[in-house]
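Here is a friendly walk through one protein model, with an eye on its charged pairs, its nonpolar packing and a few unusual spots in its loops. Please have a look at the sequence and the coordinates before reading on.

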Amino acid sequence: MALACLNTMISKLKFNICGLKDSHLSNEEVEDMEDRIKENIPDELQYSCMHWSSHLSLSPYSAGSDTIEKLYELFDGVRPLYWAEVLSLMGNAPIGIRMLQEVLSWAKGMKSPALEYVDDMRRFLLAFLKPIMISAPHVYISALPFTPVKSLIWKESSRWFSKLLRVEKGRMERWPARSSTWTGHTSPLICLAYSPDGLRVVSGSDRDPIRIWDAESGAPVGEPLKGHTWTVTSVSYSPDGRHIMSSSWDKTIRIWDAESGASVGEPLKGHTESVSSASYSPDGRHLVSGSDDHTIRIWDAKTGASVGDPLKGHTDGVHSVSYSPDGRYIVSGSNDCTIRIWNAGTGAPVGKPLQGHTDFISSVAYSPDGRHIASSSWDKTVRIWDAESGAPVGEPLKGHTRVVMCASYSPDGRHLVSGSFDDTIRIWDAKTGTSVGDPLKGHTSGVSSVSYSPDGRYIVSGSDDHTIRIWNAETGAPVGETLEGRTGEVYCLVYSPDGRHVVSGSRDHRIQIWNAETGAQVGGPLEGHADSVHSIAYSPDGRHIASGSGDSTIRIWDAETRVQVTKTMEGHTGSIHSVEYSPDGRYIVSGSWDNTIRIWDAETGAQVGEPLRGHTKGAFSVKYSPDGRQIVSGSLDHTIRMWDAATGAPMGEPLEGHTNYVSSVAYSPDGRHIVSSSHDKTLRIWNSKTGAPVGEPLKGHTVYFTGASYSPDGQYIVSSSGDEKIRIWDAESGALVGGPLKGHIDEVTSISYSPDGRHVVSGSWDKTIRIWDANTVASPGVRHVSDGDNTIQIWNTDVSGDSAPSDLRLDQDGWVNQANGSHLFWVPEDCRNGLTCSAILTIPTGGFGRVVRLNLSGACFGASWEEIMTSG
């Protein structure tokens, strides 16, 4: 039967099998789609496309068999794309991934070229499931252009498809290697769970949608599951793997289709406060949930109806709930420091509360045989209890040095794994309570969730560092490659004097150097600070980098070797938010929230003279004058002060006018003026000699200014703001030059011109650095892709088949749409923040993203989409 299915697919699959005429339409928008399927996809082809893998997995594996030869014939070429097209048309695209996994599991340990093609197609469907589910033409239009150039799919199909959009920068060469660190969430991980078959992991976080991951590769599966409006507190698969359940601080529980990611039914409502935990019964018929309203509720998993009355007894929020393996009991852990057991059928309490923990209970779980219960607590311990008597078993498990957030049994019940806010994971012998091996280290923040894979071979962990990590359960080693060099929210950045590099400082305590032309990382991060890096400066000769941090220290680094070259400069007693070299490179000036300014010897790191005192609140920004004779400072006390750089004496009276704190100060290149930005939503220009204001305050940003800087020729001023935009001003007239520069999707924290004045670099809390062409970025005729009010430019929009679109919009699901809302093409999630053009280089600094430049010249869309295929 497997051979018959493969032969049917080989002979009957073809490009655009249903004759779709418009790629702008989703499958659902094609009015006669059902008739087209009946007319063009015969029953035997439908059956074969859906069931060939099942029949294949029932046959004995033989590397030289006719079946394997036919499998190779099917996958060696463009037919896999035609198969994906049919699955899309039939509404069954997600099933394709499991079918291919079924084949790989069937042939596990065997080698055959056919299996390499099967695995390549599995990666293709994993990467591009979203557009394929929505619209069959986008198997080709949206998926193929982003397929790695050395993938088998691209090698076999590229000669057939010549009129696709082109990824001119940032295209992957190969599918990503299996990584020990999975990135994609942009907020702390709260919960995760394996699917029953071990092929998927689902995760929930503080502020992000729910994500599904391929457990083998760590690749995201489909788009995030969106619906909850607040923190997702727990996730789990139904026992049959068909659904995912999630609970949230938004007081609801949601059920999702595990294949498509679609929401199933309405949210389950009844709790009056945050839902902290939810779990399926072993037979999948019921759900149990615990809430901050102190109650536990049972639900019908099919209808969503509440079953019986709430279970009451806890005197504080219920943080964790779980069914016993036989489904007869429910265990709950609460912020009242007790654990309770309930009859799942009647809701009646069983026995007395289990007492022993001295702080909040963070998790509870039954052992696989149901004889024991494990609990973790904010008291830094894990405890094991006899499930029948409620008596503690042995002594508390101690080793973690901070709150223990989670604990889980291995499938065989022999071990426990726990995660803690001490950033580590520990494995314990469940019988003796002794620690097994060393703690698992790798996360850079608290571990909030841990789970064993169903086969017990792996441990998956989620952390406040926004990542998921996978570990070998036996050795404790990370599984796959380790990610290096990525950083978090950008707090500061600056060009090197020669303009070849940009250096950034981030919330994650690290400094990173980037190639200003390509956006590539230059070496590894500069590490040493114990808090966020708020300010950085290159020495005038470009040999050194100075950094100021929230840890109250300044460090100097060799820009080439990236090692620290002087002792750590200590003296400030508050966070350092500004550092600057003197023009001759001999000194460094720093401003701190301890209200002082300090001058340091750049070679020795020694402090020069006494601190400069005068500000009554923190010094937020400091700069040397171009001749090095003066220092200007802006403060949280709303004032600007000038100082004699040699003596440290104040010069004149404070410059007053701003009505909120001063976020930045800078001299004009000729030293005649000072520009200041403020949280009062204004820029001000001052005469640096007299301190008098020059003209009226400059207004344009809709919220506070975060920074301002002169162009090297002094003609322009560039400003950044919490409104996510950048503006350019005429320095003489104060008039705005062009419209705002849009693209960042969070506060722009830092802004600077390149030394030659040709570019502007900006850093943001959106974890990107953007480099803008200062001459052409606001030019008319440059087309845009935008996300709401945030605009991203693309390289070329001379497309075939439609008039060149003048207003392209990138929606939250990755679709680039025309003004009428119709889909043009889809962009993978890891490319969206880095979507770039000739006028803007966008550098994603987080662990999930790449710089991508698109060229749409000659690409076919809409009514001409069939022209993408040419003879091979």
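The report below goes through salt bridges, nonpolar cores, cysteines and selected loop residues.

This is a predicted model, in which local features need pLDDT of at least 70 and side-chain atom pairs count only at pLDDT 80 or more, while totals for chains, interfaces and linings use all residues. Residues are numbered from 1 along each chain as its sequence is written, and side-chain values use heavy atoms, with hydrogens and water left out.

**Salt bridges**

A search of the whole structure finds 17 salt bridges. The term stands for a side-chain nitrogen of Lys or Arg within 4 Å of a carboxyl oxygen of Asp or Glu. The table lists some of these pairs.

| Pair | Closest N to O distance |
|---|---|
| R174 and E173 | 3.5 Å |
| E829 and R211 | 2.2 Å |
| K226 and D813 | 3.4 Å |

The bridge between E829 and R211 deserves a closer look. E829 lies in helix α10 (residues 829–832) and R211 in strand β5, so the pair ties together parts that are 618 residues apart in sequence. Helices (H or I, at least four residues) and strands (E, at least two) are DSSP runs, numbered from the N terminus. R211 is buried at 8% relative accessible area, whereas E829 is partly exposed at 22%. Here buried means under 20% relative accessible area, exposed over 50%, and partly exposed in between, using a 1.4 Å probe and protein chains only.

K226 and D813 also link distant parts of the chain, 587 residues apart. K226 sits in the loop between β5 and β6, and D813 in the loop between β54 (808–810) and β55 (815–817). Both partners are partly exposed: K226 has a relative accessible area of 37%, and D813 has 23%.

For the pair R174 and E173, R174 is exposed at 52% relative accessibility, while E173 is partly exposed at 44%. Salt bridges also join D119, R122, R200 and D214 into a network.

**Nonpolar cores and cysteines**

As a general rule, nonpolar side chains in soluble globular proteins tend to be buried together. In this model, the largest nonpolar core has 94 residues, and those with the most contacts inside it are W52, L71, W83, F124, Y140 and F825. Helix α7 (residues 113–134) gives the most to this core, with 11 residues. A nonpolar core is a set of buried Ala, Val, Leu, Ile, Met, Phe, Trp, Tyr and Cys residues joined through side-chain atoms within 4.5 Å.

Which residues surround W83? Leaving aside residues up to four places away in sequence, W83 touches M9, L13, C49, W52, G96, M99, L100, M121 and L125. Contact means heavy atoms within 4.5 Å. A second, separate core of 13 residues includes M405, I425, V450 and A473.

As for cysteines, the structure holds 0 disulfides, a disulfide being a pair of cysteine sulfur atoms within 2.5 Å. C492 is buried, with a relative accessible area of 6%, and C831 is buried too, at 0%.

**Two buried polar loop residues**

T231 lies in the loop between β5 (211–214) and β6 (232–237), and counts as buried at 2% relative accessibility. Its side chain and that of D206 are joined by a polar contact of 2.6 Å. Such a contact is a pair of N or O atoms within 3.5 Å; within protein, one must be able to donate a hydrogen and the other to accept it, and residues adjacent in sequence count only if both atoms are side-chain atoms. Beyond residues up to four places away in sequence, T231 touches I190, S205, D206, S247, S248 and W249.

D637 is found in the loop between β41 (630–635) and β42 (640–644). What is the nearest side chain of opposite charge to D637? That is R641, 4.9 Å away, and D637 is buried yet has no salt bridge. In this charge count, Lys and Arg are positive and Asp and Glu negative; His and the chain ends are not counted. The D637 side chain does make a polar contact of 3.1 Å with the side chain of H615. With residues up to four places away in sequence set aside, D637 touches H615, T616 and K617.

**Positive phi outside glycine**

H509 has a positive phi of about 80 degrees although it is not a glycine. H509 is placed in the loop between β30 (501–506) and β31 (511–515), and is partly exposed at 29% relative accessibility. N595 likewise has a positive phi of about 80 degrees without being a glycine. The loop that holds N595 runs between β37 (587–592) and β38 (596–601), and N595 is partly exposed at 26%.
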